[in-house]
Amino acid sequence: MSSVPESDNQGPVPITVIEPASPGGRLPVAEIWANRRFLVLMVRRAVQARYKDTFLGIFWAVAQPLSYMLVLNLFFGVVARFSAPGIPYPLFLFCGLVPYQFFSRCAVEGAASIRGNSELVNKVYVPRLLLPLSTVGNIMVDFMVAFCLLVAMALIYQVPPTMNLLALPLLFLLLFAAGTSMAIGLSVATVYYHDLRVAVPVVMQMWFFATPIIYPASRVPEAWQVWYGLNPMVSVVELFRWSVLGTAELPDPRVIGVSVATILVVMLVALHFFRKLESNVADRV
């Protein structure tokens, strides 16, 4: 028989059980808001740790997409002579790389966000959802720096801004939803299936070639367009080019609809499984 522990002078000591604020598949907005300062602190620490004692500092946020753009332009733009209608090919590449690398890093780094904070998970209670969210926040800082370079490149190539820029806030939200969904789902899945730590980077490399970064989506045969839209980054990348570079044609509405629906489904599934499995995370890491 279990008994309630007693104190020396004041009788039974109350026991407080800390558990998730909103079980199930719903987004725990109240829980996240209540811990917003802790979330900001985690993002700040991650950013500071990334660039502390580095010679180039924040420049490393643009070094990766910029170096990828130079290599891809050399092999595909110069050697293979790929081109983009009405857009300088280096700018075409960079405009696709900036959102895709945000998405890819959310998947890869988000997958390790819980296991990488195992000491924190085991020693104190923190809402587990803050761990992948802080990873996304850290990556978002780098994304905004790279996006500023993209705008600068557009000015250098004398690409005039258009009214399409008004759609950027919605595109940022769509990209954030796609990246966050991957980070949340993979963060808890990696705790249960360790092979994902190796598999996710490989999958993201293959996903790169299934996304219209080195080629326009219009090159995909018409019969495949709707199926192609199941890749959520197809519409995100194409809409970024449409908005930032002012390309004349809006991507196929069918493809946009399929991609947006895919992002919403992935987010709901990721939240459902995260909230269902997070209670056993401390025993697994």
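**Exercise 1. Is Glu 222 buried or exposed, and what does its side chain pair with?**

Step 1: look at the accessibility. Glu 222 has a relative accessible area of 54%, so it is exposed (buried is under 20%, exposed over 50%, partly exposed in between, with a 1.4 Å probe and protein chains only).

Before going on, a word on the model. It is predicted, so local features need pLDDT of at least 70 and side-chain atom pairs count only at pLDDT 80 or more, while totals for chains, interfaces and linings use all residues. Residues are numbered from 1 along each chain as its sequence is written, and side-chain values use heavy atoms, leaving out hydrogens and water.

Step 2: find the partner. Glu 222 makes a salt bridge (a side-chain nitrogen of Lys or Arg within 4 Å of a carboxyl oxygen of Asp or Glu) with Arg 254, and their closest N and O atoms are 2.6 Å apart.

Step 3: place the two on the chain. They link distant parts, 32 residues apart: Glu 222 sits in the loop between helix H8 (196-209) and helix H9 (225-228), Arg 254 in helix H11 (residues 253-277). Helices here are DSSP runs of H or I, at least four residues, numbered from the N terminus.

**Exercise 2. Which other side chain meets Arg 254 in a salt bridge?**

Step 1: Asp 252 does, at 2.8 Å from N to O.

Step 2: check both for exposure. Arg 254 is partly exposed at 41%, and Asp 252 is partly exposed too, at 23%.

**Exercise 3. Where do Glu 109 and Arg 105 lie?**

Step 1: both are in helix H4 (residues 89-111), 4 residues apart, or about one turn.

Step 2: they form a salt bridge, with closest N and O atoms 2.8 Å apart.

Step 3: Arg 105 counts as buried at 15%, whereas Glu 109, at 26%, is partly exposed.

**Exercise 4. Which residues are closest to the centre of the largest pocket?**

Step 1: get the volume, about 520 Å³. A pocket is an open set of points on a 1 Å grid over the protein atoms alone, where a 1.4 Å probe fits, with protein on both sides within 12 Å along at least five of seven lines; lining residues have an atom within 4 Å of a point.

Step 2: go to the centre. Of the 21 lining residues, Pro 216, Ala 217, Ser 218, Glu 238 and Glu 249 are closest.

Step 3: see who contributes. Helix H10 (residues 232-244) gives the most to this lining, with 4 residues.

Key:
Grid points are joined across faces, edges and corners, and a volume is the space filled by probe spheres set on the points. Helices (H or I, at least four residues) and strands (E, at least two) are DSSP runs, numbered from the N terminus.
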